[in-house]
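Me: Walk me through how to read the sheets and the ring contacts in a model like this one. Keep it brisk.

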Amino acid sequence: MAPMARTSSKRKVEGSDDSGSDDEPSQVSQSSKKPRVDEETQESQSQSQSQSQTPQYTNKVLPVPVVLPPKPTNTTRIASWNVSGLAASEKKGFKDYVEAENPDILIITETKLNKVPANASLKSRFPYQYWSISATKGYAGTAILSKQKPLSIDQTIPGHPDPQSVKGRIVTLEFETCHLVGTYVVNAGQNLKTLEAKKVWNQHFFAYLRELDKKKPVIWAGDLNVAPTAIDLTNAKKNWNKTAGYTEVETSAFKNFLESSEDPKGNQFIDVWRNLHPDERAYTYYSYRFNCRVKGIGWRIDGFVLSERLQERVKVCDIRGEIYGASDHIPVVLEVDGTL
C-alpha cells in the first residue's frame, strides 16, 4: 500500500444551531467575556496557529475551474459529500465538482429531496442510481450513484424499531468484493434532545455492519455525525458532553465498533483518513455561522470506515479542502485498487 496525503481542510467548533444543515452538530457559541488564559485557551491558540498554515477557503460559491488529481488507472474512486440540500448546492457549483472529481461512485447525503431528481447529466454519468428519500418533507436524504452495477440494494436497518426514521439515511449496495454503505447518520440534536434516538441508531446500525462484514468486507461512508476524538474538532473541551457529535455516548459507541469491543470474535474496522493521518487536524464541516471557516473552527464528521482487511487495497483517502462554497461540508474521497 502506498497511501498519499493531499489537501485537507480545517474543522470548526459547534454549539448554536446551524441554519445550513437541518440535522448537524450545533455550535457552542463563544463567550462574550474576556477569555481566561487557561489550558483551554492555550489549546485554542495552539490549534489556530497550526490551522493558519493551511489556506482557508471562504468563498460562497465553488470557484471554477475546479482542478483535482486525475484518478489512477485500475482503481475505484468513491467520493462522499454532504451537500446540505442538493437543489441549493447545484446552484453553487455541485456539477463543477462532480465533473472535476469524476468519481466511479458518488455518495450524496442531506439531499433534502422529496422525490428522485430528473438530472440528465447525473444519469449519463452514473447509470446506476439509488435514492433514499426521507419520510419527512425536505429533510435528510441519502443517495449512491454508481458507474458499477451492484448485486443488490437495501435501504433499511434490520431490527430498527422505527423504520420510518431510517428512510433517507442509508443506502447499502452489495458488490462482488464488498458491501458499500452510505449514511446520513442521526444527529443527537441541539441540547442533545435526540441523543436517545442516536443510541438506538448506533445499537442497530453497528450490529447491521457487523452482520454484513461476516459475509463480505464493508466500506461505510458518508456523514458519520461523530467527531471520534479531541483532535477531530476545535475546542473539544467546550463541546464535550454538551454538543451533538462529541459526547461520551457517541464517541464510545464509535470506538467500540471499530475495535469490535462488543463482539470480541468480530473483525475490526478502521477510520481510514485518521489511520493515514494520525496527528493531522483536518475538518469536513464548518458552520455557516460565526465565520467558522475564516476562523478555522470545524469538525471532522464525514469520512470512510472500512473492514480492516480492506486496508491493503486503499491507495488514497483525502479531504478535498479546496472544494468549499457549495455546501457547509467538504467532500471526502477514497481510492481503492481494482473494482468493487
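Reply: What follows covers the two sheets, the helices on them and the aromatic contacts.

Me: What kind of model is this, and how is it numbered?

Reply: It is a predicted model: local features need pLDDT of at least 70, side-chain atom pairs count only at pLDDT 80 or more, and totals for chains, interfaces and linings use all residues. Residues are numbered from 1 along each chain as its sequence is written, and side-chain values use heavy atoms, with hydrogens and water left out.

Me: How do I read a sheet, and what is the strand order in the one that includes strand 5?

Reply: Strands of a sheet pair through backbone hydrogen bonds, either parallel or antiparallel. Here two strands pair if DSSP finds at least two bridges between them. Strands (E, at least two residues) and helices (H or I, at least four) are DSSP runs, numbered from the N terminus. This open sheet has six strands in the order 5-6-7-8-10-9, with mixed pairing. Strand 5 (152-154) and strand 9 (269-271) each have a single partner strand, so one side of each lacks a neighbour in the sheet. On average, neighbouring strands of this sheet are turned by 15° against each other, direction ignored. Axes are lines fitted to C-alpha atoms, for helices over the stretch in contact, and angles run from 0 to 180 degrees between N-to-C directions.

Me: How many bridges join strand 8 to strand 10?

Reply: Five, and the two strands, residues 218-223 and 302-307, run antiparallel. Tryptophan 220 has valine 305 in strand 10 as its bridge partner.

Me: Which helices lie on this sheet?

Reply: Contact means heavy atoms within 4.5 Å. Helix 6 lies across strands 5, 6, 7, 8, 9 and 10, running at about 165° to strand 7. Helix 8 touches strand 8, strand 9 and strand 10, and its direction makes about 130° with that of strand 9.

Me: What is the strand order in the sheet that includes strand 3?

Reply: The order is 3-4-2-1-12-11, again an open sheet of six strands with mixed pairing. Strand 3 (128-132) and strand 11 (314-319) are the edge strands, each pairing on one side only. Five bridges join strand 2 (residues 105-109) to strand 4 (residues 142-146), which run antiparallel. Helix 3 lies across strand 1, strand 2 and strand 12, at about 165° to strand 1.

Me: How do I read ring contacts, and how many aromatic pairs are there?

Reply: Rings of Phe, Tyr and Trp (its six-membered ring) pair if their centres lie within 6.5 Å; planes under 30 degrees apart count as stacked, over 60 as edge-to-face and the rest as tilted. The whole structure has 13 aromatic pairs. Tryptophan 81 and phenylalanine 94 are stacked, at 5.9 Å centre to centre and 15° between the planes. Tryptophan 81 lies in strand 1 and phenylalanine 94 in helix 3, so the pair ties together parts 13 residues apart in sequence.

Me: Are those two rings buried or exposed?

Reply: Buried means under 20% relative accessible area, exposed over 50%, partly exposed in between (1.4 Å probe, protein chains only). Tryptophan 81 is buried at 1%, and phenylalanine 94 is buried at 2%.

Me: Where do phenylalanine 206 and phenylalanine 257 lie?

Reply: They form a stacked pair, 4.6 Å centre to centre with 10° between the planes. Phenylalanine 206 is in helix 6 and phenylalanine 257 in helix 8, 51 residues apart. Both belong to one aromatic cluster, whose members include Trp201, Trp220 and Phe269.
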